[in-house]
Amino acid sequence: MNTSPIYDLVIIGGGPAGMMAGLIASQNTKLKIAMIDRNKTFGRKLLLTGKGRCNITHHEFDFKKMINNYNQGGKFLYSGFSQFGVKETLDFFKQRGLNLKVERGNRYFPSEGDSHDIVNFFETKLKENNVVFIKSSNVVKINAKNKKIYSIELSDDRIIQGKNFIIATGGKSYPITGSNGSIFNVLKRLGHNITPLTPALVPLTTQTEWIKKLSGLALKNVTLKIKGTKQSIFGEMLLTHFGLSGPIVLNISNDIVKRLEQGKVIVSLDLKPALTEQELNLRLQKDFEKYRNHDFKNSLKDLLPLNLIEPVLDLSKINVHKKVHQVTKEERANLAKLLKNIEVEINGHLGFETAIVTSGGIDLKEVDQKTMKSKIISNLYFAGEILDIDGKTGGYNLQMCWTTGYLAGKNFI
Ligand SMILES: Cc1cc2nc3c(=O)[nH]c(=O)nc-3n(C[C@H](O)[C@H](O)[C@H](O)COP(=O)(O)OP(=O)(O)OC[C@H]3O[C@@H](n4cnc5c(N)ncnc54)[C@H](O)[C@@H]3O)c2cc1C
């Protein structure tokens, strides 16, 4: 066994939360700090974010509004955002020479370059501050006595000793990037409660054939509802060869994944949410007038994307060979009803392998929200996705990492 010197701080996990914690802590250059990751490089998941461009945060300076964008843990973040919210995050990067720009959907990205620049930014600064990097090393055991950690053991038999520890090992999703959730069992043995872990921001599967056939079709300005609930979401979704994906599907998936444990889930698609059923019926009437001598199937081309017409006609059960003027009032009213309520049965999801984040994690009741300090272990802090917090798409999850990483890095001593 090879035993290290005693570090002032040991950070486990070199993702965005761990790197932010390390950078803040190492501003005090007198401290001896080590940062450990099982990968050869830090920030492997960070490199994938925002399709490789890194959607760093969201343009929302009001932290009271900001907290509404988290399924779990929004309230817990309130204090953190008031200390280091979106504005402070933008200033943090800008003051260190990394400019950001806001794009469509109020998403912030680096003004130039991509996610590699963010990872390089952190690595360079951490090196400048003499943080010791321990890479390709998996933490397999944590040794504690009297509710205080004194060392951790690595898969290569090294023992790393420390006075304080920050755990920022992420959740269980996208395990190919290194965050496979293996640390959760270790933390349970230390006395921490882990709330149930489920995939969140995850694509959904269905057996519905017409959806699979239209793989690649993006539907904009639609509403998706979970039947039997008040849950609904407006925006853009994508039909795929396995089912449904795209922003609104990912953002509502957390709830659906949990409901799937109780049985099947039906979602209802409203293709024309801006119109009431009556208004849509009138709109159909106008289109039918315009195309009155055409085949019925050619009467919907002003209203729907072309390849969606056939499945809608199938679902409507109206004889497609009818001329438009032969469609009855009742059939037209039923068509309006259908366009506002196309039901699709969801039978599953793509799991942790492809989930953007994990729902569940370290029970927030056991963490001090102002400092990220464990209430169970006296010299332990948490940051990032390991906590039971998950946000919507749009930069919210990384913002949570910057905020909690900042708090852990600032308060550990
Ligand atoms: C494809 C994709 C795109 C995304 N895009 C965005 C986006 O644009 N904007 C956004 O806000 N969010 C995005 N996210 C979510 C965001 O990437 C995560 O919320 C964020 O990376 C979590 O950061 P973290 O530091 O908590 O954990 P991670 O980034 O998961 O880092 C944890 C690190 O700990 C290491 N580790 C784990 N266990 C151990 C162990 N036992 N020993 C040693 N090391 C260990 C891992 O190797 C890993 O490097 C995206 C996620 C994915 C998968």
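Two strands pair if DSSP finds at least two bridges between them. In this predicted model, strand E5 (residues 100-103) and strand E6 (residues 107-110) meet that condition with 4 bridges, in the antiparallel sense. Leu100 stands opposite Pro110 in E6. The two strands form a hairpin, with 3 residues between them. Gly105 sits in the turn and has a positive phi of about 75°.

Now step back to the whole chain. The domain assignment splits the protein chain into domain 1 (2-198 + 360-411) and domain 2 (203-350). Their C-alpha centres lie 41 Å apart. Contact between them involves 5 residues of domain 1 and 6 residues of domain 2. On the domain 1 side, the touching residues comprise 3 polar and 2 charged, with no nonpolar residue.

Next comes the packing. The largest nonpolar core has 66 residues. Val10, Ala21, Ile166, Phe382 and Ala383 touch the most other members. Helix H13 gives this core its largest share, 8 residues. Another core lies apart from it and has 25 residues, including Ala200, Ile346, Ala355 and Ile356.

Take Ile166 as a way into the larger set. Beyond its neighbours within four places in sequence, Ile166 is in contact with Leu9, Ile11, Gly18 and Ala21. Its contacts also include Tyr381, Ala383, Ala408 and Phe412.

Follow the contact to Tyr381. This residue is found in strand E19 (residues 380-382). Is Tyr381 buried or exposed? Tyr381 counts as buried because 28 C-beta neighbours lie inside 10 Å, and the cut-off for burial is 20 or more. Leaving out residues up to four places away in sequence, Tyr381 touches Ile166, Met372, Lys373, Ser374, Ala408 and Phe412. Ala408 and Phe412 are thus on the contact lists of both Ile166 and Tyr381. Tyr381 and Ala21 are 360 residues apart along the chain, yet their C-alpha atoms are separated by 10 Å.

The ligand comes last. Which residues come nearest to the ligand? Of the 37 residues around it, the nearest are Gly13, Gly15, Gly170, Gly178 and Gly384. Three helices each supply at least two residues of the shell: helix H1 (16-25), helix H2 (44-48) and helix H13 (396-411). H13 therefore has two roles in this account, as a supplier of the ligand shell and as the source of the largest share of the 66-residue core. By class, the shell around the ligand divides into 15 nonpolar, 17 polar and 5 charged residues.

Technical notes:
Residues are numbered from 1 along each chain as its sequence is written. This is a predicted model: local features need pLDDT of at least 70, side-chain atom pairs count only at pLDDT 80 or more; totals for chains, interfaces and linings use all residues. A residue is near a molecule or strand if its C-beta atom, placed from the backbone, lies within 6 Å of it. Ala, Val, Leu, Ile, Met, Phe, Trp, Tyr, Cys and Pro count as nonpolar, Asp, Glu, Lys and Arg as charged, and the others, Gly among them, as polar. Domain bounds come from an automatic or database domain assignment. Two residues are in contact if their C-beta atoms, placed from the backbone, lie within 7 Å. A nonpolar core is a set of buried Ala, Val, Leu, Ile, Met, Phe, Trp, Tyr and Cys residues joined through C-beta atoms within 7 Å. A residue is buried if 20 or more other C-beta atoms lie within 10 Å of its own, exposed if 12 or fewer, and partly exposed in between; C-beta atoms are placed from the backbone.
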